[in-house]
Amino acid sequence: MAGELVLLDFWPSPFGMRSRIALAEKGIPYEYREEDLRNKSDLLLQMNPVHKKIPVLIHNGKPVCESVIQVQYIDEVWHDKAPLIPSDPYQRAVARFWVDFIDKKIYELGSKIWKTKGEEQANAKKEFIECLKLLEGELGDKTYFGGESLGYVDVALVPFYSWFYAYEKCGDFSIEAECPKMIAWVKRCMQKESVAKSLPDQEKVYEFILQLKKIFGIE
Amino acid sequence: MGEEVKLHGMWASPFSRRVELALKLKAIPYQYIEEDLSNKTPSLLRYNPVHKKVPVLVHNDKPVAESMVIIEYMDETWENNPFLPRDPYERAMARFYAKFIDDKLLPTLAKLGQTAGKEKEETIEEIHEQLKVLEDELKGKQFFGGQRIGYLDIVAMILVWLHLTGSITGQKVLSTEKFPLIYEWIERVMKMEVVNECLIPEEKRQDWIQLAQRAPKSASN
């Protein structure tokens, strides 16, 4: 079950953060390798020839690609420690549905917020907040989406918090003002070492975004 | 167990057809509700308020939406004829290629109907690269699932559709020379009664092609 575990990752990637959190929750040691995305390593290209993307989890030399697939894999292999995915099939289906929702919406809308201006940005902000409100509805009065402990949806969503400051600065709005329950949930998650250690500093992410904007010639 | 299973679907949606195939493979009796996407039933809107789309599986009044989520739910609830392998690594692989089909191949295929000239040629190139990934995955196997039809085969049924529409439009994106293993797989699955039951009936195929060309994002709505 143990053995050699390597994570090919890029520090600001919310997708990479998901696997970092899952591994940390379960106390599984691994080697973290930072990739330069403008100069991808031979190992990355060899392990993920289809997409050539991070994160890639390499377990005993065999690659697992795509963050949601990695988190499920980690949960299935190390199933006796800190389970993330519910055991009841219906609860699992609900969790998978919301992770799919997060994947379809949050990253793309967030990207539009920092990449665009004017009406396109305004629409993206509006839809982004609507999506967070839907997620707040799903959270309800629970401590975490997973109930009393961190679960699959929590792990999938909380990494985007590290980008919230960047979204807020670029979009000139406050996520906490619109979605206080979401921020309260984030703060509870950040009290967990597995989450706090896996997320980069928000200001650092904002600086990174500013650099990207320069490179892509975005105002 | 007192089971009530309903499927809200739409005849032209490959996502809906996927779930029907899964239900038939597990021999689960179900009630099918055909949705008119321009006039969705109140039940559908109640069962899938977030996306308001088909397919939705309703099991003892509990709704499950999104075809891949539905198929995994079915596999975990009805243990006969399992779709996913037991080994976690093989499961990860099956999920990876299924995601590849949904996230990459399907959108590129949808784009095809909207392009012409040089852009069309480039799109076909892209599709060929994506099909090669699936061709390689079939090496040494009868089905994507190995010896028997499995999770990835269910998702890959889009290849059968591609073959059928190619025969009608004359636009053969999927050629036997370039993709012999995919072709053998298509012949193999088309021999299965359950697969044929879930294909678009012949008399509706022209309609389907026209519909697909008008709705590029996805055939499910």
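Helices and strands here are DSSP runs, numbered from the N terminus. The model is predicted.

**Stop 1: the loop before β3, in both chains**

Start in chain B. Select Pro55(B), in the loop between α2 (42–47) and β3 (56–59) of chain B. Look at the peptide bond that leads into Pro55(B) from Val54(B): it is cis, with omega near 0°.

Now go to chain A and select Pro55(A). This proline sits in the loop between α2 (42–47) and β3 of chain A. Its bond to Ile54(A) is a cis peptide bond, and omega is about -5°. Stay in the loop between α2 and β3 of chain A and pick Lys52(A). Lys52(A) is not a glycine, yet its phi is positive, at about 55°.

**Stop 2: the sheet of chain A**

Show the strands of chain A. Four of them make an open sheet, and reading across it gives the order β2-β1-β3-β4. The pairing is mixed. Which strands stand at the edges? Select β2 (31–34) and β4 (62–65) of chain A: each has a single partner strand, so one side of each is left without a neighbour in the sheet. Turn the view to follow the twist, which averages 20° from one strand to the next.

Zoom in on β1 (residues 5–9) of chain A. Four bridges tie β1(A) to β2(A), and the two strands run parallel. Pick Asp9(A); opposite stands Glu34(A), in β2(A).

Next, add helix α1 (residues 14–25) of chain A. This helix lies across β1, β2 and β3 (56–59) of chain A. Its direction is at about 155° to β1(A).

**Stop 3: α4 against α5 in chain A**

Select α4(A) together with helix α5 (residues 118–139) of chain A. Their axes come within 9 Å and cross at roughly 155°. Angles over 145 degrees count as roughly antiparallel, so α4(A) is roughly antiparallel to α5(A). The crossing is left-handed.

Show side chains in the contact. From α4(A), the residues include Trp98(A), Phe101(A), Ile102(A) and Leu109(A). From α5(A), they include Phe128(A), Cys131(A), Leu132(A) and Leu135(A). Charged residues take part too, among them Lys105(A) and Lys112(A) of α4(A), and Glu120(A) and Glu127(A) of α5(A). How does the contact of α4(A) with α5(A) divide by class? Its residues are 13 nonpolar, two polar and six charged.

**Stop 4: α4 against α7 in chain A**

Keep α4 (residues 89–115) of chain A and swap in α7 (residues 161–171) of chain A. The axes come within 8 Å and cross at roughly 40°. That angle makes α4(A) oblique to α7(A). Here α4(A) passes α7(A) in a left-handed crossing.

Pick Ile106(A), Gly110(A), Ser111(A), Ile113(A) and Trp114(A) on the α4(A) side. They meet Trp163(A), Tyr167(A), Cys170(A) and Gly171(A) of α7(A). This contact has six nonpolar residues, three polar and no charged ones. Ile106(A), Gly110(A) and Ile113(A) are listed in the α7(A) contact and also in the α5(A) contact.

**Stop 5: where chain A meets chain B**

Show both chains. Chain A brings 25 residues to the contact, and chain B brings 24. Together they bury about 2300 Å², of which 69% is on carbon and sulfur atoms. Which three residues supply more than any other three of the area that chain A buries against chain B? Select Ile69(A), Tyr90(A) and Phe97(A), which supply 26% of it.

How values were computed: Residues numbered from 1 in each chain as written. Chains lettered and ligands numbered in written order. Predicted model: local features only at pLDDT ≥ 70, side-chain atom pairs only at ≥ 80, totals over all residues. Heavy atoms only, no water. Pairing = 2+ DSSP bridges. Axes fitted to C-alpha atoms, helices over the stretch in contact; angles between N-to-C directions. Contact = heavy atoms within 4.5 Å. Parallel < 35°, antiparallel > 145°, perpendicular 65-115°, else oblique. Left-handed = near helix turned anticlockwise from the far one by under 90°. Nonpolar A, V, L, I, M, F, W, Y, C, P; charged D, E, K, R; others polar. Buried area = accessible area lost by both parts, 1.4 Å probe.
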